[in-house]
Amino acid sequence: MTANAKPIDFLWFIPTSGDGTYLGTADLNRGPEIGYLQQIAQAVDRLGYTGVLLPTGVSCEESFVTAAALSAHTQKLKFLVAIRPGTASPAYYARLASTLDRVSNGRVLLNIVVGGSPAELAGDGIHLEHDERYAHADEFFHVWEELLETGSSTFEGKYIKATNARLGLPPVQAPRPPLYFGGSSDAGIEFSVGRVDKYLTWGEPPAQVGEKIAKVRAAAAKRGREVSFGIRLHFIVRETDEEAWAAADKLISKLDDETIREAQEQFVNQSDSVGQKRMAALHGGRRDKLEVSPNLWAGVGLVRAGAGTALVGSPKTVAARLREYQELGIETVIGSGYPHLEEAYRVAELLFPELGLKRDEQRAGFRNEFGAKQIFAGGSHGGNLKVVSGS
């Protein structure tokens, strides 16, 4: 980390569509039961992550409901909740956001999701073309923001009409919870720089991320605004580079070529997302082209839609790669790994110290009369009796 760089704001991911040890197979899968999601949230809260992302989509548990359930079992964790304009009115989403912010005592962040599969969007009642969805979203959030900030809104646009809309109870955060957004199209960028606080990119190679950040900054400057930047990445961190690459290979070891072909065809034919096309172009569906930049591995994207790259390596290696992104302007990282419970521990225990991030830990045991402190020695009837001297 450079001398003047701020510590990375590190969030994790709640897998509300399920989890597993391998990609592309039902072997060792875990369903999105609330008890398991609660385990992840509580672990992440203790380990020092600042928040979690909850996705949206037909295969996911509903993000606001899940966040409300998890907020009752966590203390400091923030919830980056997906909000898709058009699935409900701006007034209804304003009430959801304000209530969740109040219930969680100001721990809500909102992630605007405009894009996706046109077929899934049509099922949600959204029948607009790609660029029109952003024009609709701009009107939607005009009303939404006005309600959160002032308690009332009257607006008549091309897509949205609100007549004396009211919000009875304000959010804890003033004037509203922060807005996050990720989108690579020109229409998406133009929408984002007029509305959001943080622009998110998927984990493309640093050169591509740098170009995107420069483009967004220039567009925001024309509006007289500034936005901050975050990146969405998977992580495979082990004590050595060799162990990490072996874990990456294991993650896709049960993935067959037909499953990859079907997934890639679906991504191309059933999505109009520019970001998804950029992800797919990194590897072209080929297993032999997965390290698309030093330690940036595209194996996840062979079958997973959305964020499809992982940083792979030892703590020192991955920290160095993250600093490259940080030097481009990235301040926030939204991480994940399979399975999400175990990998949350690995990332916190191995990577956080290299990044200068403080983990929340239990108080150390007392020193004995010789000044030695207790360390973990496997546990026994006598406890962890092994001691070491010094600090």
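1. Starting with strand β7 (residues 152-156), since its side chains alternate nicely here: S153 and F155 point to one face and are buried, whereas S152, T154 and E156 point to the other and are not. Bear in mind that this is a predicted model. The pattern fits the general rule that side chains in a regular strand alternate between the two faces of the sheet.

2. What does β7 pair with? Its partner is strand β8 (residues 161-166), antiparallel and over four bridges. The link from β7 to β8 is a hairpin of four residues. F155, one of the buried pair in β7, has A162 of β8 as its bridge partner.

3. Now the helices. Helix α1 (residues 34-47) packs on helix α2 (residues 63-71) with the axes 10 Å apart and an angle of about 60°. The two are therefore oblique to each other, and α1 passes α2 in a right-handed crossing. On the α1 side the contact uses I34, L37, Q38 and A41, and on the α2 side T66, A69 and L70. By class, that contact has five nonpolar residues, two polar and no charged.

4. α2 also packs against helix α3 (residues 90-103): their axes come within 10 Å and cross at roughly 10°. That angle is under 35 degrees, which makes α2 roughly parallel to α3. F64, A67, A68 and S71 of α2 meet Y93, L96, A97, L100 and V103 of α3. Which classes of residue make up this contact of α2 with α3? Eight are nonpolar, one is polar and none is charged.

Methods
Residues are numbered from 1 along each chain as its sequence is written. This is a predicted model: local features need pLDDT of at least 70, side-chain atom pairs count only at pLDDT 80 or more; totals for chains, interfaces and linings use all residues. Side-chain values use heavy atoms; hydrogens and water are left out. Axes are lines fitted to C-alpha atoms, for helices over the stretch in contact, and angles run from 0 to 180 degrees between N-to-C directions. Angles under 35 degrees count as roughly parallel, over 145 as roughly antiparallel, 65 to 115 as roughly perpendicular and the rest as oblique. A crossing is left-handed if the near helix is turned anticlockwise from the far one by less than a right angle, and right-handed if clockwise. Contact means heavy atoms within 4.5 Å. Ala, Val, Leu, Ile, Met, Phe, Trp, Tyr, Cys and Pro count as nonpolar, Asp, Glu, Lys and Arg as charged, and the others, Gly among them, as polar. Buried means under 20% relative accessible area, exposed over 50%, partly exposed in between (1.4 Å probe, protein chains only). Two strands pair if DSSP finds at least two bridges between them.
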